[in-house]
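Visitor: Hey, got a minute? I'd like to talk through a binding site with you.
Guide: Sure, let me pull it up.

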Amino acid sequence: MSQQPTTLMWFRDDLRLADNPALEAAMASGQVTALFILDEESTGIRQLGGAARWWLHHGLEALSRDLDSIGVPLQLHRGPAAIILPGVMKAEGASEVHWNRRYGGPERTVDTTVKELVQAAGATAHSHSGSLLHEPWVPQTQDGRPFKVFTPFYNAVQRLQLRPALGEPSAQLPPPPPAKQHAGDNLAQWRLLPSKPDWSRGLAQAWTPGERGAHERLQRVLEEVAGDYGEGRNRPDLDGTSRLSPALRWGHLSPVQVWESLSATISAHPEQAEGARAMMRQLVWRDFCWNLLYHHPALPTRNLRPEFDVFDWAWPVQAPDHDASEEHLVQELAAWRGGETGFGMVDAGMQQLWQTGWMHNRVRMVTASFLVKNLGIHWRIGEEWFWDTLVDADAASNPANWQWVAGCGADASPFFRVFNPELQAKKFDPRGSYVSRFAPMPSPEPVVDLKISRAAALESYARMKQH
Ligand SMILES: Cc1cc2nc3c(=O)[nH]c(=O)nc-3n(C[C@H](O)[C@H](O)[C@H](O)COP(=O)(O)OP(=O)(O)OC[C@H]3O[C@@H](n4cnc5c(N)ncnc54)[C@H](O)[C@@H]3O)c2cc1C
């Protein structure tokens, strides 16, 4: 039997076997060796947050087991991808590498460099579309520009043809030779898990990272959540949303798989169509955020609306009785992070985030609005905290949503919407069960006066508009 050429599959944000276009193509063309590179050194690549590292550790363990079952070895390497990947190709004698595309600025630069190096070495690099519903350059306005507002983007996406989801690849034969010596790191060497203290118990109780856990949750969502999503989605006290965000973030599921499953639910159970369609619309929000990042690579750090650069969150100074000293702001920030602001909905959200690595969307909006508008602290500081603590933190959805709440984002969100955490709690946690589950008791003294701080925010905004 002739020896098949070795092909590399480079995993990144797509830790799954099924509906993985790059893996499918790699397996069609040769004997596959899989690779994951922990790259925290290439220019501009953002270091993963603590909760993300926890997820990555377990996600890679699961991936490695799943790959084992189809006879594909997984190598782990750490360092700049532009050095590591060509090195692995050489060591393996690989003539091809496949990956699913990434859309952040620094990641795209790395991928372009890697492609050039691979080609210069006489091999080929193939990129595939596997992590979004549609590539970010596909939905366009009538005059060929990227969208800046969600609703027309959503309408345009509705008119596009979605690729069909792929199944799981069959096992490769003959079985691979035993792992070569020095074929990468051991996962434990990366020390992705927290120790001293180990704060991950709540995360471990809440989540099962990996493709299997993701499919189990998807099944449950289809059976029990999607139909009522229209009403349940705003209720943090209920299991009313999919909680698939980390599975989508790490690519244990593709958005195409979720979309297809929801479409099938609509066909089989038309009475669930409203809820399922509302959930599909949220998947388009995910694509929209990646569109924004693709077309505005500075999204994680720069206001999308430049007029906000002038005023840049300096308004607490304006509130008559507000202590705007740096020391006081640091205390307020600590109260926000620690869930000790004295506002039940904010505190419950921040505690849920700390304990489980996830927070309900409505509460994310409330806590973000509170930080930016009532405490007058820059959205970037909140974004960084979420980046560190969310298991689903991603380079597009996190800053895009922070900017949306702050009012400086691309979407036409009215800045004047300052969420009132007390009213939000009454409306969306009517029995108080969410707040009493997560918020500390007794509730601390409120760190700020809602009315005064709101008025100060609005006044500063009005002044900015006059600028
Ligand atoms: C300040 C702030 C920060 C956020 N940071 C992130 C983040 O880092 N990563 C992240 O995935 N989401 C983020 N979101 C969006 C949203 O809160 C989460 O996607 C959602 O709460 C995840 O829960 P779920 O899976 O149950 O969502 P569901 O309501 O079940 O929605 C289904 C899927 O659609 C996508 N989705 C839903 N809402 C949004 C949205 N507003 N923007 C982008 N995608 C969306 C998610 O992939 C989600 O899993 C943020 C929202 C806010 C207000």
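Visitor: How far is a backbone N or O atom of Asp394 from an oxygen atom of the ligand?
Guide: That distance is 3.3 Å. Keep in mind that this is a predicted model.

Visitor: Okay, and what about Leu244, how far is a backbone N or O atom there from a ligand oxygen?
Guide: For Leu244 the separation is 3.0 Å, again from a backbone N or O atom to an oxygen atom of the ligand.

Visitor: Which ligand element does the polar side-chain atom of Asn398 lie 3.1 Å from?
Guide: A nitrogen atom of the ligand.

Visitor: So how much of the ligand does the protein bury?
Guide: 97% of the 810 Å² that the ligand exposes when taken alone.

Visitor: And where does the ligand sit?
Guide: In the largest pocket.

Visitor: Which elements give two or more residues to the shell?
Guide: Four helices do: H9 (245-249), H11 (273-295), H15 (361-374) and H17 (397-406). H11 makes the largest contribution, with five residues.

Visitor: Switching topic, which residues come nearest to the ligand?
Guide: Out of 27 around the ligand, those are Tyr229, Thr241, Ser242, Arg243 and Asn361.

Visitor: How does the shell divide into nonpolar, polar and charged?
Guide: You get 14 nonpolar residues, eight polar and five charged.

Visitor: Last one: which domains each give the shell at least three residues?
Guide: Domain 2 (132-163 + 209-295) and domain 3 (306-466).

Definitions and conventions: Residues are numbered from 1 along each chain as its sequence is written. This is a predicted model: local features need pLDDT of at least 70, side-chain atom pairs count only at pLDDT 80 or more; totals for chains, interfaces and linings use all residues. Side-chain values use heavy atoms; hydrogens and water are left out. A residue is near a molecule or strand if one of its heavy atoms lies within 4 Å of it. A polar contact is a pair of N or O atoms within 3.5 Å; within protein, one must be able to donate a hydrogen and the other to accept it, and residues adjacent in sequence count only if both atoms are side-chain atoms. Accessible areas come from the Shrake-Rupley method with a 1.4 Å probe; for residues, only the protein chains shown count as cover. On a 1 Å grid over the protein atoms alone, a cavity is a set of points where a 1.4 Å probe fits but cannot get out, and a pocket is an open set with protein on both sides within 12 Å along at least five of seven lines; lining residues have an atom within 4 Å of a point. A molecule sits in a cavity or pocket if more than half of its atoms lie within 2 Å of its grid points. Ala, Val, Leu, Ile, Met, Phe, Trp, Tyr, Cys and Pro count as nonpolar, Asp, Glu, Lys and Arg as charged, and the others, Gly among them, as polar. Domain bounds come from an automatic or database domain assignment.
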